[in-house]
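Good morning. Please have the structure open on your screens while I talk, and we will go from the whole chain down to single side chains.

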Amino acid sequence: MSGAGTPPFGLPPVSLGTWQLRGREASRAVQQALALGYRCVDTATGYDNEQDVGAGIRASGVERGDLLIITKFPEEDAGRERETLLRSLDLLGVDHLDLWLIHGPLDPDGTLAVWERFVEAREAGLVRAIGVSNFLPAQVDDLVARSGVTPSVNQVAFGPRWFDPALLRHHAALGVAVQGHSPFSENDLGHPVLKAVAGQRGLGVHQILLRWHLEHGVPAVAKAASPAHLAANLTAGEFALTSAEVTAIDHIAHDAWKGAAL
């Protein structure tokens with residue numbers, strides 16, 4: 001097997017996350033997000049909302065070719081990859097995924113076995129690109145060495161709490177795109193540095209967090225349900241942080257700038 005990691009599409013700066021959204025709330029959020037201009041929707045088999053996400057996509061009226069749809073395979077379903085994929089496609093109401101991710105690593109042999117089925121699904125045209133989620137650099141290295149196929153994307157928590165420039169350098173060298181998930185739930189929204197930057201700019205902490213991801217070249221998956229929050233998250237692409245602001249937020253992981261005045 002062989003393959004390069006670069007996906008056949010560009011991930012947008014902000015994608016819609018749907019974790020913990022179900023039923024009518026999920027469908028409505030997807031429909032509203034697409035109406036506002038979102039063009040990438042992220043879900044997972046484990047979220048138990050693929051049918052709701054699909055209903056929102058259909059209700060939006062946006063052409064399938066204008067959308068990127070991501071779902072994630074639960075690693076505990078190893079051995080049922082094709083069955084799980086076909087069910088995801090049926091629930092979402094589409095004939096292919098744009099990106100299919102292994103939601104989390106198994107042991108090296110288990111991960112490789114799942115990955116081989118992922119490659120088969122890509123070659124069959126059921127998915128455009130394949131990747132992983134929550135993998136450490138060493139786990140990515142092992143997968144590439146054993147399979148010869150580089151993941152297109154590694155979707156990880158990359159907020160200030162988990163800031164890891166070494167991971168960015170490692171993945172860039174391999175051609176693996178990094179996409180940040182859970183920017184709000186994985187970080188302290190009340191951290192004084194984030195509040196200081198947001199307050200001085202008259203913006204929300206959520207917007208500052210998303211912009212910080214983009215300053216590091218990391219597109220983010222952000223969950224929101226209300227039209228106001230959906231719209232606010234999209235504005236992360238409309239302003240820039242200063243180098244001092246970025247550095248201050250970088251240091252949150254080391255607790256060196258706690259309470260610092262900017």
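**Salt bridges and overall build**

The count of salt bridges here comes to 10. Keep in mind that this is a predicted model.

I will come back to individual pairs, but let me place them in the whole chain. The secondary structure consists of 10 helices and 8 strands. The radius of gyration is 18 Å, close to the 18 Å that the globule rule gives for 262 residues, so the chain is as compact as a globular protein of that length. Along the principal axes, the C-alpha trace spans about 55 × 40 × 25 Å.

What share of the 262 residues counts as buried? The figure is 51%. The accessible surface is about 11000 Å², and 51% of that surface belongs to carbon and sulfur atoms. So much for the surface; now contacts. Take those between residues at least 6 apart in sequence: 74% of them join residues at least 24 apart.

Next, charge. There are 21 positive and 30 negative side chains. The centres of these two sets lie 5 Å apart.

Now the pairs. Please find D98 and R64, whose side chains form a salt bridge at 2.9 Å, N to O. D98 sits in the loop between α3 (81-92) and β4 (99-102), and R64 in the loop between α2 (50-60) and β3 (68-73), so this pair ties together parts that are 34 residues apart in sequence. Is D98 buried or exposed? D98 is buried, with a relative accessible area of 1%. This pair also has company: R64, D98 and R128 are linked in a network of salt bridges.

The second pair is D77 and R80, with a salt bridge of 2.8 Å, N to O. D77 has 16% relative accessibility and counts as buried, because the cut-off for buried is under 20%. R80, on the other hand, is partly exposed at 39%.

The third pair is R161 and E186, at 3.5 Å, N to O. R161 belongs to the loop between β6 (153-157) and α6 (165-174), while E186 belongs to the loop between β7 (177-181) and α7 (192-201), so the salt bridge ties together parts that are 25 residues apart in sequence. R161 is partly exposed, with a relative accessible area of 49%. E186 is partly exposed too, at 23%.

That is the end of my part.

Terms used: Residues are numbered from 1 along each chain as its sequence is written. This is a predicted model: local features need pLDDT of at least 70, side-chain atom pairs count only at pLDDT 80 or more; totals for chains, interfaces and linings use all residues. Side-chain values use heavy atoms; hydrogens and water are left out. Helices (H or I, at least four residues) and strands (E, at least two) are DSSP runs, numbered from the N terminus. The radius of gyration is taken over C-alpha atoms; the globule rule is 2.2 Å times the number of residues to the power 0.38. Buried means under 20% relative accessible area, exposed over 50%, partly exposed in between (1.4 Å probe, protein chains only). Contact means heavy atoms within 4.5 Å. Accessible areas come from the Shrake-Rupley method with a 1.4 Å probe; for residues, only the protein chains shown count as cover. Lys and Arg count as positive and Asp and Glu as negative; His and the chain ends are not counted. The place of a charge is taken as NZ of Lys, CZ of Arg, CG of Asp or CD of Glu. A salt bridge is a side-chain nitrogen of Lys or Arg within 4 Å of a carboxyl oxygen of Asp or Glu.
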